[in-house]
Amino acid sequence: MAGVANVPGVAKPDAILVADDMSRHFGGVRAVEVEHLEIQRGTITALIGPNGAGKSTFFNLITGFDRPNSGRWSFDGRDISGAPSFRIARHGMVRTFQLTKALTRLTSLENLMLGATGQRGERLLTSLLRPAWAAQEAGIRERAEELLARFNLSHMRDEFAGTMSGGQRKLLEMARALMVQPDMILLDEPMAGVNPALTQSLLGHIEALRDEGMTIVLVEHDMDVIMSISDWVVCFAQGKVIAEGRPDDIRRDTAVIDAYLGTHRSLQEDQT
């Protein structure tokens, strides 16, 4: 990101996601009004802003869980405007939710195996012919086992997801998203409700995914986390992008300070 200007809507050297003229209105409330936003490939980009700023709504729009009033967006050079969420996931962009969506009456292993796409055993005709899908299912099971080990959940392999702690469910949901083998993963408040020990584990996993070449976009309110882990930060306020830049740029940006505090003080001073 060297040489990229810290101005809203700035072009990135290798953008994997590009959104133009995105808007979403709820009655008279303009939840999202984004003129132009690009996400750089292979980075950790954080979306910040006060409650109600439009961050999660923007997530919902670009991942197909909600429809905008206007706008177009592309992922990895492919126009995915208006595509349903399952097709967007198949193209390599997946998300997690602030409130985890684990299937509580299935085991951890089963939750992960369900996340794999293109399973031949899910089709009516081939489901009756075990040799047609047995080898594929064995590969899916092996990948699920590997992800359980990676996220330190092997001991919960055969336990119902409903018995897991909130932090463990966050790890499970991240692991399930990786079953799709995505190019980009969007994390909606991954640290919310997670104890400090698991927070450090989650941060380590996020950084490791970035180091492996994956693009990470996250919504998070913990400014200490944002400033320590992010390569680039985008600030929303009243549905609009009011600032973006490196963490040090954002820390000193008066528009960001006003959005959070209503006065010209640095975020660093406020934290102290």
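The two largest pockets of the structure are described below. The model is predicted, with local features requiring pLDDT of at least 70 and side-chain atom pairs pLDDT 80 or more, while totals for chains, interfaces and linings use all residues. Residues are numbered from 1 along each chain as its sequence is written, and side-chain values use heavy atoms, without hydrogens and water.

On a 1 Å grid over the protein atoms alone, a pocket is an open set of points with protein on both sides within 12 Å along at least five of seven lines, and lining residues have an atom within 4 Å of a point. Volume is the space filled by probe spheres (1.4 Å) set on the points, which are joined across faces, edges and corners.

The largest pocket has a volume of about 620 Å³. Its lining comprises 23 residues, with Phe65, Ala89, Val94, Gly115 and Val180 nearest the centre. Among helices (DSSP H or I, at least four residues) and strands (E, at least two), numbered from the N terminus, α2 (85-90), β6 (93-95) and α6 (166-178) each contribute at least two lining residues. The largest share, five residues, is from α2. Domain 1 (15-102 + 182-270) and domain 2 (103-163) each provide at least three residues; the bounds come from an automatic or database domain assignment. By class, 11 lining residues are nonpolar (Ala, Val, Leu, Ile, Met, Phe, Trp, Tyr, Cys, Pro), six charged (Asp, Glu, Lys, Arg) and six polar (the others, Gly among them).

The second largest pocket has a volume of about 170 Å³. Residues lining this pocket include Met113, Trp133 and Ile140. The helix α5 (134-150) gives the most to this lining, four residues.
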